[in-house]
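Thanks for passing this one along. Here are my notes, which look at the ligand and then at a histidine.

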Amino acid sequence: MAEAAGAVGLSASTRSTALAALAGTEHQVLVVGGGVVGAGVALDAATRGLSVGLVEARDFAAGTSSRSSKLIHGGLRYLQQLNIGLVREALTERSLLLGVIAPHLVHPVPFLFPLTHHVWERAYIGTGIGTYDALGFSLGLEKGLPGHRQLSRRGALRMAPGLKRSAITGAIAFWDGQVDDARYVLTLVRTAAHYGAQVASRVQVTGFLREGARVAGVRAVDLESGAELHIRAQQVVNATGVWTDEIQAMVGGRGTINLRVSKGVHLVVPKDRIYATAGIILKTPVSVLFIIPWERHWIIGTTDTEWAGNKARPAASSADIDYLLSQANRVLATPLTRDDVTAVYAGLRPLLSGESDLTSQLSREHVVANPVPGLVLVAGGKYTTYRLMARDAVDAVVHGLDWRTPPSCTDRVPLAGADGYLALWNARRRLATSSGLHVARIEHLLRRYGSLAREVLALIEGDPALGRPLAGADDYLRAEIRYAASHEGARHLDDVLARRTHIAIETPDRGLEAVAEAAALVAGPLHWDSGQMAREIEHYRAEVAAQRASEQAGSDADAEAIAGAVPDIVPMRTGADAGRR
Ligand SMILES: Cc1cc2nc3c(=O)[nH]c(=O)nc-3n(C[C@H](O)[C@H](O)[C@H](O)COP(=O)(O)OP(=O)(O)OC[C@H]3O[C@@H](n4cnc5c(N)ncnc54)[C@H](O)[C@@H]3O)c2cc1C
């Protein structure tokens, strides 16, 4: 089978090679943080011809970048704030992601905006969404997304019979983009590695190497082995999102970036609980609520409240869940109850501090700062505009390099799996016949891996038992679990069940039935013996139990205490432990 373009695998052995390279050679750029922004910086720098390293303290995308609403959008809210520039910028990105950079990972998604008032609302919202479309069309790249439509009450109910008739006067239908956020980051990391970046997860930066005032690299710890590392780099880029304050504290002095941390919670509900063929977006007293189609589920979110707890373990409380249910139930004919909730997840927004006390009114724009020579900080922004954040950060890096560097070219660099995706999608029936899999399976693989689906199919060719569905999570093939460890840098069960796949939020038992078989499938590539397999399974079970219990807690503090009773399998070091020097 032909090798797909951009197919650099991430495995236990590539991690060891990367760590040796990072410790042994000075790189031009070292990126700290493997969320969407850090991964984007690594790709931007690598594709400008720079030598690049990337270290991530946990799993790639384990922070905010796997806990978003998973929308690639212009942000209707910014339009309401008349921030046209921001909307236009984000819509340009949406077009690039849908059409050029990652058509396999970013897909159009239809939405309804139900109207609940009289004529003025239709005119007001209609003009807003019309402007949104017009901004998109004016970019000349919107061919994939149809324009918006005004719907009567009857038209709205035809698209979404599950809406409460008495709650709406009509609706506006429009399109936006949707992304598998965790897989997108992983694909960015793989693409950066393909262009030469040395990448390693579970490596935490604990301090800086200094030459006088200048930052000359980082002190880090390989959290898997406990080994201390000195990684030298001409420029360090910090892309640690909500952990930016901790990094600023390592530099000393007053931080140059003020961030506030806001928690956003989402519920996952089975598809059959809401009868609709499009997502739904509602205005709430403080922000908006999305009901978003997600495979065989809906994702409902989000909240927006200050979070002062452990940044590695944001936890949803009972109050968060009740709030989301009550907001959704305003327009649903059959109200949702706690029993309808398959799973819950919480994430933290890295918001630039502004003048307002309400976090939902703070800007989502980003900032790039250069507090001391050799260190660039990038923070804020949103998922949709990560590429611009990365470009701006690398532009700042280039100023500090004694090296002629071309401008960013990531608007023309398709991610791994994009190349050849369309042709394979068109040939999916043939692929189904040759592989013996149902065409729906092939579509599922193509939408997750793009043309790299061939690598998953090659595993099945070599071992047909891998072509069977995973027991307890039969949307996924056993080959996908093996591939997560052999090619996608997964190192622990949570990496596989929560981020390479979404079994942790898509199955009613949150992966408990699937976990033992998953462990057996990854044990080979991860060199686990039976003792480690048992420990990993036990830990995953304990984490699920703690998370479920925390969702019953009445307050953030209680929820955090319950969830935090089971730390990450490889916990980040904190405070004095992190060895601030
Ligand atoms: C609830 C919610 C919904 C959202 N929905 C959307 C949406 O629909 N669309 C959209 O465009 N945006 C959305 N966003 C915003 C978007 O998700 C974030 O802006 C984006 O994911 C932030 O990415 P990041 O790389 O800056 O941070 P992160 O993803 O948090 O990455 C930072 C990484 O740094 C690592 N790190 C921290 N300290 C260290 C250290 N010392 N050493 C090494 N590594 C370290 C962390 O482990 C982490 O993985 C949403 C955000 C939230 C919270």
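The points below cover the ligand site and His502.

1. A word on the basis: this is a predicted model, in which local features need pLDDT of at least 70 and side-chain atom pairs count only at pLDDT 80 or more, while totals for chains, interfaces and linings use all residues. Residues are numbered from 1 along each chain as its sequence is written, and side-chain values use heavy atoms, with hydrogens and water left out.

2. The ligand is surrounded by 38 residues (a heavy atom within 4 Å). Glu56, Ser65, Leu71, Val205 and Thr384 are the closest. By class, 18 of the shell residues are polar, 14 nonpolar and six charged (Asp, Glu, Lys and Arg count as charged; Ala, Val, Leu, Ile, Met, Phe, Trp, Tyr, Cys and Pro as nonpolar; the others, Gly among them, as polar).

3. Polar backbone atoms approach ligand nitrogen atoms at Ala57, at 3.1 Å, at Ser69, at 3.0 Å, and at Val205, at 3.0 Å. The protein buries 96% of the 1000 Å² that the ligand exposes when taken alone (Shrake-Rupley method, 1.4 Å probe).

4. Now to His502, in the loop between helix H16 (493–500) and helix H17 (503–506) (DSSP runs of H or I, at least four residues). Is His502 buried or exposed? His502 counts as buried because its relative accessibility is 3% (buried is under 20%, exposed over 50%, partly exposed in between).

5. The side chains of His502 and Asp180 share a polar contact of 2.8 Å (N or O atoms within 3.5 Å, one able to donate a hydrogen and the other to accept it). A polar side-chain atom of His502 also lies 3.3 Å from the backbone oxygen of Ala498.

Key
Helices (H or I, at least four residues) and strands (E, at least two) are DSSP runs, numbered from the N terminus. Buried means under 20% relative accessible area, exposed over 50%, partly exposed in between (1.4 Å probe, protein chains only).
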